[in-house]
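Have the sequence and the 3D view open side by side. This report moves through ring contacts, charged pairs, a helix and a strand.

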Amino acid sequence: MAMSAVQPTFVTPLVPLQSARSRAALRGVVQQPAEKMAAGSSQEMPQSSALGSAALVAVAAVGVAAARRATDSRRGQTKSRVTACASATGAHCAEYKEELLSTVKALTTPGKGILAMDESNGTCGLRLQSIGVENTEDNRKRWRSALLGTNGLGEYCGGAIMFTETLYQDSTDGKKMVDLAKGNGVIPGIKVDTGLVPLVGGNEGENWCRGLDDLKERTADFYKAGARFAKWRTTVRVRDHSSLAVSEAAHGLARYAAICQSSGLVPIIEPEILLDGEHSIDENFETFVETWSAVFKACADFGVMLEGVLLKPSMVTPGAQSGTKADAATIADYTLRALKKVVPPAVPGIMFLSGGQSEVEATLNLNAMNQTPNPWHISFSYARALQNTTLKTWAGKDDNKVAAQAKLLQRASANSKAQLGKYDPATADEDASALEGMYVKDYSY
């Protein structure tokens, strides 16, 4: 007897299947023969139809549930990877961990900040030319020796950031610059980025910072030469900045930080929010939070040990071309609120850049930020705001060196008091040059 072929009828879910697990959920679904599905009296048809609809809904629900389980599983795996990365924080620098923490502790001693003297030879030359001194290696040596040779500087500046030439240079008395600094109680630091270049794919005028390719080898050499901390500066403008500029800044800074720690150098992280522009203080605040949030996300991704880093942010102020000025109390309020939104308390120190403010402005703003307790050591890493009056007093003449060093101590002492919240402009006896604004558009180091 010939057997009639049985034609199976497949139940198709009403939603798309999202994953292999969803498709697997259909395995085991009973396949009903076509004849059986068609059989039955007219009275049975409504019941069959109802059962068919129920089956469709049930299978769809199974598919959706399986898809959700697959998604949750993937999220769980991702979370596990992030957790594993976080738990491995510091593994890259285990050999230097105690030394890194010791360096940070010394740099964040109450009342201490950092002298930034890491200008490139070209920028240092512009400073020298402003006082009528030729830009030669010998003159750069004389100027840098005067700064690092200032007796008592270590009482107020725990560290000094140097340019590569300075790190390997002899001072005017024949000592290595690093030994001159250490003999004065100042920890040598080093600028390790290799400068800003146009950001391909970003908005017109945006830059990114180079220097990662051989950074591991260079930082190992810098450590051998005596450096114990480092600095990397990149920039983000307030208006019309691209998401690429922010992400590139965050990526570069986090990679730099991890590499420096692996070589025994405490990294200073500096994404400078540029003062250039007509933006308001509120716009600056928003860009500050956006940029620093991205930086700390990247630091977490790369396992940076936050207890072994320092930050070098710009203060939250109106743009230089905005036509408005904010007082010290307002700048302190905006800046501290921004910091508290994004900076983890594990970070030990925040060393502000001056960004073209006058010497007195930079000191007043720092003092205002230290009127209330903070989770971090809030201090200074000033270049022009420590050196302007000192440079003019020196004027390139060796006979003026002692007087110039006295001006550097005066300025460093004022900022030391500001770090403690104890600076009083009424008793400071400031020089007229300390009131001069030093903003330069498109300033570069």
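The charged end of Arg255 sits over the ring of Phe302, 5.5 Å from the ring centre. Keep in mind that this is a predicted model. A second arginine makes a contact of this kind: Arg228 lies over the face of Tyr223, at 3.7 Å from the ring centre.

**Aromatic pairs**

Now turn to rings that meet rings. A pair of aromatic rings is described by the distance of the centres and the angle of the planes. How many aromatic pairs does a search of the whole structure find? It finds eight. One of them joins Phe288 and Trp292: their ring centres are 6.1 Å apart and their planes stand at 35 degrees, so this pair is tilted. An angle under 30 degrees would have counted as stacked, and one over 60 as edge-to-face.

Both residues belong to helix H11, residues 281-301. Phe288 and Trp292 are four residues apart there, so about one helical turn separates them. Are these two residues buried or exposed? Phe288 has a relative accessible area of 0%, so Phe288 is buried. Trp292 has 1% relative accessibility and therefore counts as buried too.

Another tilted pair is made by Phe380 and Tyr382, with 5.7 Å from centre to centre and 40 degrees between the planes. Both Phe380 and Tyr382 are buried. Back in the first pair, Phe288 and Trp292 join Phe296 in one aromatic cluster.

**Salt bridges**

Next come the charged side chains. The whole structure holds 18 salt bridges. The table lists three of them.

| Salt bridge | Closest N to O distance |
|---|---|
| Asp193 and Lys191 | 2.9 Å |
| Arg237 and Asp240 | 3.2 Å |
| Asp301 and Lys297 | 2.7 Å |

Their surroundings can be read residue by residue. Asp193 and Lys191 are both buried. Asp240, the partner of Arg237, is exposed, with a relative accessible area of 54%.

The bridge between Asp301 and Lys297 lies in helix H11. Why are these two residues separated by about one helical turn? Asp301 and Lys297 are four residues apart in the helix, which accounts for that separation. Asp301 has 41% relative accessibility, so Asp301 counts as partly exposed. Lys297 has a relative accessible area of 51%; the cut-off for exposed is over 50%, so Lys297 is exposed.

Salt bridges can also share partners. Asp118, Lys231, Arg233, Glu270 and Glu272 are joined in this way into one network.

**Cysteines**

How many disulfides does the search find? It finds zero in the whole structure. Two cysteines are worth locating in the view. Cys124 has 2% relative accessibility, so Cys124 counts as buried. Cys157, at 0%, therefore counts as buried as well.

**Helix H6**

Helix H6 covers residues 137-148, which is 12 residues. Its length can be checked. At 1.5 Å a residue, the helix should span 16 Å. The expected span uses one less than the number of residues. The end C-alpha atoms of H6 are 16 Å apart, so the model agrees with the expected span.

H6 is mostly covered, with nine of its 12 residues buried. Among them are the arginines Arg140, Arg142 and Arg144. Trp143, Leu147 and Leu148 also belong to the buried group.

**Strand S5 and its neighbours**

Strand S5 runs through residues 187-191. Five of its five residues are buried, so S5 is largely enclosed by the rest of the structure. In a regular strand the side chains alternate between the two faces of the sheet. Which residues of S5 lie on each side? Ile187, Gly189 and Lys191 are on one side, while Pro188 and Ile190 are on the other. Both faces are covered. Lys191 has been met before, in the salt bridge with Asp193.

S5 pairs with two strands. Strand S4, residues 157-162, pairs with S5 in the parallel sense over four bridges. There, Met162 stands opposite Ile190 of S5. Strand S8, residues 229-236, also runs parallel to S5, and three bridges join the two. Here Gly189 has Phe229 of S8 as its bridge partner.

Key: Residues are numbered from 1 along each chain as its sequence is written. This is a predicted model: local features need pLDDT of at least 70, side-chain atom pairs count only at pLDDT 80 or more; totals for chains, interfaces and linings use all residues. Side-chain values use heavy atoms; hydrogens and water are left out. Buried means under 20% relative accessible area, exposed over 50%, partly exposed in between (1.4 Å probe, protein chains only). Two strands pair if DSSP finds at least two bridges between them. Rings of Phe, Tyr and Trp (its six-membered ring) pair if their centres lie within 6.5 Å; planes under 30 degrees apart count as stacked, over 60 as edge-to-face and the rest as tilted. A charge sits over a ring if NZ of Lys or CZ of Arg is within 6 Å of the ring centre and within 35 degrees of the ring normal. A salt bridge is a side-chain nitrogen of Lys or Arg within 4 Å of a carboxyl oxygen of Asp or Glu. A disulfide is a pair of cysteine sulfur atoms within 2.5 Å.
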